Amino acid sequence: MYRYGLIWISTTLVFVLASLGNLATFLMQKHADNSTSWSFDVSYVNVAACSIYGYAIVVPLAYYFFLQYMGSNASLIRFWCLWGYSLTIFIMSSVSFCFLQYVNCTGVQIFILQTILHNYLYHTCSVWGMWA
């Protein structure tokens, strides 16, 4: 599995979220006051980075330790790669509009649920002897 997916996809997601957050703030301020000028707030990058990297590193780590506790020989690198690639769909869902946003978010949830359950259930069921 390509091991840099977690890094590149998470980094792309951080900058997309920070940019769109700044754009949304500008549009809200512009709606309230027409004389508002554009200013980039760097703190959005910090918040997005802590949120995305925290989520991308901690959740697979928790799954890994849980499966180790259950007796599996799962690979932490594989979990990080899988989790990183499952974040790809969030890049596309962060750039949708109006009604398409609801359709897109529903599709995102179904895709992520299917991807993660398929891969994690394989490891979980192999621990319990269901798939030998």
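Biologist: What share of the 132 residues of the protein chain counts as buried?
Modeller: Keep in mind that this is a predicted model. To count as buried, a residue needs under 20% relative accessible area. Among the 132 residues of the protein chain, the share that makes that cut is 30%.

Biologist: And which pattern does the protein chain follow along the sequence?
Modeller: Start with the tally: the chain has five helices and zero strands. Reading along the sequence, you get α-α-α-α-α.

Biologist: Which residues of α1 are buried?
Modeller: Helix α1 runs over residues 5–32 and reaches 40 Å from its first C-alpha to its last, close to the 40 Å expected. In an α-helix, residues three or four places apart point the same way, because there are 3.6 residues a turn. Have that in mind as you look at the buried ones in α1: G5, L6, I9, S10, L13, V14, A18, N22, T25 and F26.

Biologist: Which elements give two or more residues to the largest nonpolar core?
Modeller: That core has 12 residues, including Y64, F79, W83 and Y120. Apart from it lies another core, of 11 residues, with L6, I9, A18 and L87 among them. Back in the largest one, the elements giving two or more residues are α2 (43–70), α3 (76–86) and α5 (98–127).

Biologist: Leaving aside neighbours within four places in sequence, which residues is Y120 in contact with?
Modeller: Y120 belongs to the largest nonpolar core, and so do F79, L82 and W83. Contact here takes heavy atoms within 4.5 Å. With those sequence neighbours set aside, the partners of Y120 are P60, Y63, F79, L82 and W83.

Key:
Residues are numbered from 1 along each chain as its sequence is written. This is a predicted model: local features need pLDDT of at least 70, side-chain atom pairs count only at pLDDT 80 or more; totals for chains, interfaces and linings use all residues. Side-chain values use heavy atoms; hydrogens and water are left out. A nonpolar core is a set of buried Ala, Val, Leu, Ile, Met, Phe, Trp, Tyr and Cys residues joined through side-chain atoms within 4.5 Å. Buried means under 20% relative accessible area, exposed over 50%, partly exposed in between (1.4 Å probe, protein chains only). Helices (H or I, at least four residues) and strands (E, at least two) are DSSP runs, numbered from the N terminus. The expected span of a helix is 1.5 Å times one less than its number of residues.
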